[in-house]
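User: I'm new to this one and would like a close look at a single part of it. Could you walk me through one strand and what sits around it?

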Amino acid sequence: MVSESGGDRGCPKCGHTETDVGEISTTGGGLSKMFDIQTNSFKVVSCVNCGYSELYRDTTSGSSDIVDVFLG
Ligand SMILES: [Zn+2]
């Protein structure tokens, strides 16, 4: 569904408004085993049209917020 109003929102590259949100985790590897389990979690918001993606460090806020950031 394409909304006529608020047409300024969308992918920074192509203006598409459908996104895919994924999640990746990175562990520090090597030395991190000496410390606590250190995992960095990131959310990936991708435009389903052109594939443009942005990475956001995981926060306590819901994924809908980062989609808002991505779409502007
Ligand atoms: Zn796009």
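Analyst: Glutamate 23 touches Ser41, Lys43 and Val44, leaving aside residues up to four places away in sequence; touching, or being in contact, means that the C-beta atoms of two residues, placed from the backbone, lie within 7 Å. This is a predicted model, where local features need pLDDT of at least 70 and side-chain atom pairs count only at pLDDT 80 or more, while totals for chains, interfaces and linings use all residues. Numbering starts from 1 along each chain as its sequence is written. As for pLDDT, that's the predictor's confidence in each residue, from 0 to 100.

So where does glutamate 23 live? You'll find it in strand E1, which covers residues 19-27. Strands (E, at least two residues) and helices (H or I, at least four) are DSSP runs, numbered from the N terminus. Glutamate 23 counts as exposed because it has 10 other C-beta atoms within 10 Å. The cut-offs go like this: 20 or more other C-beta atoms within 10 Å of a residue's own make it buried, 12 or fewer make it exposed, and anything in between is partly exposed, with C-beta atoms placed from the backbone. Glutamate 23 also sits 9.8 Å from arginine 57, C-alpha to C-alpha, although 34 residues separate the two in sequence.

Stay in strand E1 and you come to serine 25. Serine 25 is exposed too, as it has 9 other C-beta atoms within 10 Å. Arginine 57 turns up again here: its C-alpha is 9.9 Å from that of serine 25, with the two 32 residues apart along the chain.

Threonine 26 is another resident of strand E1. With 11 C-beta neighbours inside 10 Å, threonine 26 is exposed as well. Its partner to look at is asparagine 40: they are 14 residues apart along the chain, and their C-alpha atoms are separated by 5.2 Å.

Now hop over to strand E3, residues 53-57, where leucine 55 lies. Leucine 55 touches Phe42 and Val44, again not counting residues up to four places away in sequence. Val44, you may recall, is also among the residues that glutamate 23 touches. Leucine 55 has 12 other C-beta atoms within 10 Å, so it is exposed. From leucine 55 to valine 21 is 9.9 Å, C-alpha to C-alpha, across 34 residues of sequence.

Stepping back, the chain has 1 helix and 3 strands, in the order β-β-β-α along the sequence. Of its 72 residues, 10% are buried. Among contacts with a separation of 6 or more, 47% join residues 24 or more positions apart.

How far can you trust the picture? The chain averages a pLDDT of 79, and 67% of the residues score at least 70. Strand E3 has the highest confidence, at 91, and helix H1 (residues 63-71) the lowest, at a mean of 86. Residues 1-6 stay under 50 in pLDDT, and the model gives them 0 contacts beyond four places in sequence.
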